[in-house]
Amino acid sequence: MTVRGKGVMEKCSFCVQRIREAENRAKLEKRELNADEFTTACAASCPSRAIVFGDAADENWTVTQMAKDSRAYHVFEELNTYTAIVYLKKVTHPVPGGVA
Ligand code: SF4
């Protein structure tokens, strides 16, 4: 990771070095990547598991299953931005006979 000068915003690289390391390891071992074989540093260090990372193009990854959750949404979907990040809405519990 390159250290940026003062005032320069660091962008998330989705830990590309971790992705490449896992890809290279699988290649050396002459096999395909396994589902959930790697994750980002922030996902690995999050104690509440609030971040899940993976290959959304592969049905076997946890992140792909989570993206199908009824609470899943993309930011600014109405603008057709279709970002790579999927959020899950807050869980709300309906109050019988009233508004939550
Ligand atoms: S640790 Fe998280 S925020 Fe930082 S580069 Fe990796 S994926 Fe992006």
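Visitor: Which helix and strands each supply at least two residues of the lining of the largest pocket?
Guide: They are α3 (62-67), β1 (72-73) and β2 (87-88). Helices (H or I, at least four residues) and strands (E, at least two) are DSSP runs, numbered from the N terminus. A pocket is an open set of points on a 1 Å grid over the protein atoms alone, where a 1.4 Å probe fits, with protein on both sides within 12 Å along at least five of seven lines; lining residues have an atom within 4 Å of a point.

Visitor: Anything I should know about the model first?
Guide: Yes, it is predicted: local features need pLDDT of at least 70, side-chain atom pairs count only at pLDDT 80 or more, and totals for chains, interfaces and linings use all residues. Residues are numbered from 1 along each chain as its sequence is written, and side-chain values use heavy atoms, leaving out hydrogens and water.

Visitor: Back to that pocket. Which element gives the largest share of the lining?
Guide: That is α3, with 3 residues of the lining of the largest pocket.

Visitor: And what volume does the largest pocket have?
Guide: About 850 Å³. Of the 29 residues that line the largest pocket, V52, V63, A84, I85 and V86 are the closest to its centre.

Visitor: How many of the lining residues are nonpolar, polar and charged?
Guide: The lining of the largest pocket has 21 nonpolar residues, 5 polar ones and 3 charged ones. Ala, Val, Leu, Ile, Met, Phe, Trp, Tyr, Cys and Pro count as nonpolar, Asp, Glu, Lys and Arg as charged, and the others, Gly among them, as polar.

Visitor: What surrounds the ligand?
Guide: C12, S13, F14, C15, T40, A41 and C42 do, each with a heavy atom within 4 Å of the ligand. By class, that shell has 5 nonpolar and 2 polar residues and no charged ones.

Visitor: You listed cysteines there. How many disulfides does a search of the whole structure find?
Guide: It finds 0 disulfides, a disulfide being a pair of cysteine sulfur atoms within 2.5 Å. Take C46, which is in no disulfide: the nearest cysteine sulfur belongs to C42 and is 8.2 Å away.

Visitor: Is C46 buried or exposed?
Guide: C46 is buried, because its relative accessible area is 13%. Buried means under 20%, exposed over 50%, and partly exposed in between (1.4 Å probe, protein chains only). C15 counts as buried too, at 15% relative accessibility.

Visitor: What about F14, where is its place?
Guide: F14 is in the segment before α1 (16-28). F14 has a positive phi of about 55° although it is not a glycine. With a relative accessible area of 34%, F14 is partly exposed.

Visitor: Which residue has a phi near 60°?
Guide: That is D36, where the value is positive in a residue other than glycine. D36 sits in the loop between α1 and α2 (41-45), and D36 is partly exposed at 38% relative accessible area.

Visitor: Last one: how many Å separate the C-alpha atoms of R18 and S70?
Guide: They are 30 Å apart, with the two positions 52 residues apart along the chain as the separation. R18 lies in helix α1, and R18 is partly exposed, with a relative accessible area of 34%. For F14 and E37, 23 residues apart along the chain, the C-alpha atoms are separated by 15 Å.

Definitions and conventions
Grid points are joined across faces, edges and corners, and a volume is the space filled by probe spheres set on the points.
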